[in-house]
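Visitor: I'm new to this protein. Could you show me how to read it, starting from the overall layout and working inward?

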Amino acid sequence: MAIKRHTVIVEGTLAFRMQRVAAARAGDHGRDVATLPLLAARLAERRGLAAKGLVTRLSSCLLAIGLPTEPPDYPAHAVLAAMRTDKKRLGGRLRLVLPLDLGDVRVFDDVSDAELVALLTSSSG
């Protein structure tokens, strides 16, 4: 199965911005990035878009290989500010790739700041 180019670009961009926010912190930032697909799935689930059990399946996979299932505790406003500087925005809007199911993702440009803040500040999506 081929990975869609915008999936890699958008998730890679968010990962880079989160690492930029964390630049002054010690730790393994690569491990933190592993939580991004799970965060995207949680957002899709909140919107009623994710297939039943998707978040649980992704969490189980991350746990099975020893990766975190919770994002790093970065201030939501700092992450949002970093995301707004991304050159891949379209018409000033953030574009996020949300998984609907394993292997099925869509790009959304209508995710509100409030949705992102709620996602980034909740401990379990």
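Guide: Let's go from the overall layout to the interior. Keep in mind that this is a predicted model.

Visitor: Fine. How many helices and strands does the protein have?

Guide: Start with the secondary structure: there are 6 helices and 2 strands. Going along the sequence, you meet them as α-α-α-α-α-β-β-α.

Visitor: And what share of the residues is buried?

Guide: A residue counts as buried when its relative accessible area is under 20%. Here that applies to 37% of the 125 residues. As for the outside, the protein exposes about 7,100 Å², and 57% of that comes from carbon and sulfur atoms.

Visitor: How do I read the core, and which residues touch the most other members of the largest one?

Guide: A nonpolar core is a set of buried residues of certain kinds, joined through side-chain atoms within 4.5 Å. The largest one here has 19 residues, and those touching the most other members are Leu43, Met83, Leu96, Leu98, Val111 and Leu116. Helix H3 (36-46), helix H5 (76-84), strand S1 (96-101) and helix H6 (113-121) each bring at least two residues to this core. H3 gives the most, with 5 residues.

Visitor: Which residues does Leu43 touch?

Guide: Leaving aside residues up to four places away in sequence, Leu43 touches Leu96, Leu98, Val111, Glu115, Leu116 and Leu119. There's also a second, separate core of 7 residues, including Ala34, Leu38, Leu58 and Leu62.

Visitor: What part of the contacts joins residues 24 or more positions apart?

Guide: Among contacts with a separation of 6 or more, such pairs account for 66%.

Notes. Residues are numbered from 1 along each chain as its sequence is written. This is a predicted model: local features need pLDDT of at least 70, side-chain atom pairs count only at pLDDT 80 or more; totals for chains, interfaces and linings use all residues. Side-chain values use heavy atoms; hydrogens and water are left out. Buried means under 20% relative accessible area, exposed over 50%, partly exposed in between (1.4 Å probe, protein chains only). Helices (H or I, at least four residues) and strands (E, at least two) are DSSP runs, numbered from the N terminus. Contact means heavy atoms within 4.5 Å. Accessible areas come from the Shrake-Rupley method with a 1.4 Å probe; for residues, only the protein chains shown count as cover.
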